[in-house]
Amino acid sequence: MAKKGKNTVEIVTELAQPVAERLGVELWDVRFEKEGSAWYLRILIDKPDGSLNIDDCVEMNRAMDTLLDEADPIEQSYNLEVSSPGIERDLPKRWHRERYLGEPVRLRLYRARDGRREFIGTLESVTDEGIVLMLEEGPVSFDNKDITWLRVYYDFDAGE
C-alpha cells in the first residue's frame, strides 16, 4: 500500500530508480494517468547515447512488474507500460530541459500571449522559475506556471 505522505508517482519513482540504474537505463519519467475508466502506470526510460531498444523496455517492464507485485504500492488496478519518451519527448523537469539547451523546442501555453499559444524556438536558458526561448523576434521568457508543455521539436519535413 502507498506510504503515507507520498503519491503514487513518488513511490514508483523510488522503486524504479535503482532498477533503471541496475539495467543501465535512465529513468526519464513516471506517470500515473487515468484514461477513461482505466489507470496506466507509465515508466519512461532512455539511454543518454540514444541506444535504447525494445529489449531494454521489456527487461525494465519485467523487473518492475515483479517489484510492484511484491511492494503493492498501488491500491487500484492499473496497466503497466514501459517505453521510450520518444523523439518529440516532453521536457517537464529542469534536468530534462538543461539537457536540451541550444536545441529546438516547441512550447504550448495555457493562455495565449500576443495571440499565440504555441512557440517554436531554441531553448536558451532554464531556471527554476521558467525558460527563455530564442525566437525569430529575439529571446522571450516564459514562466513555468504558464507552460502547458514543453517538447523537443523535430522538423520531420526538414529531415533533421
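The largest nonpolar core of this predicted model has 21 residues, and those touching the most other members are Val12, Leu41, Ile43, Ile45, Met60 and Met64. Two or more residues of this core come from each of helix 1, strand 1, strand 2, helix 2 and strand 3. Met60 shows how such contacts are distributed: leaving aside residues up to four places away in sequence, Met60 touches Ala16, Val19, Ala20, Leu23, Ile43, Ile45 and Val82. A further core lies apart from the largest one and has 18 residues, including Ile131, Leu135, Val140 and Leu150.

The strands named above can be taken next. Three strands make up an open sheet with mixed pairing, in the order 1-2-3. Strand 1 (26–35) and strand 3 (79–83) are its edges, each pairing on one side only. Between neighbouring strands of the sheet the average turn is 15 degrees, with direction ignored.

Strand 1 and strand 2 (residues 38–46) run antiparallel and are joined by nine bridges. Within this pairing, Val30 has Ile43 of strand 2 as its bridge partner. Ile43 is also one of the core residues that touch the most other members, and one of the residues touched by Met60.

Two helices accompany these strands. Helix 1 (residues 8–23) packs on the sheet, where it touches strand 1 and strand 2. The direction of helix 1 makes about 145 degrees with that of strand 1. Helix 2 (residues 54–71) lies across strand 2 and strand 3, and runs at about 145 degrees to strand 3. Both helices, like the three strands, contribute two or more residues to the largest core.

Definitions and conventions. Residues numbered from 1 in each chain as written. Predicted model: local features only at pLDDT ≥ 70, side-chain atom pairs only at ≥ 80, totals over all residues. Heavy atoms only, no water. Pairing = 2+ DSSP bridges. Helix = DSSP H or I, 4+ residues; strand = E, 2+ residues; numbered from the N terminus. Axes fitted to C-alpha atoms, helices over the stretch in contact; angles between N-to-C directions. Contact = heavy atoms within 4.5 Å. Core = buried A, V, L, I, M, F, W, Y, C linked by side-chain atoms within 4.5 Å. Buried < 20%, exposed > 50% of the residue type's maximum accessible area, 1.4 Å probe, protein only.
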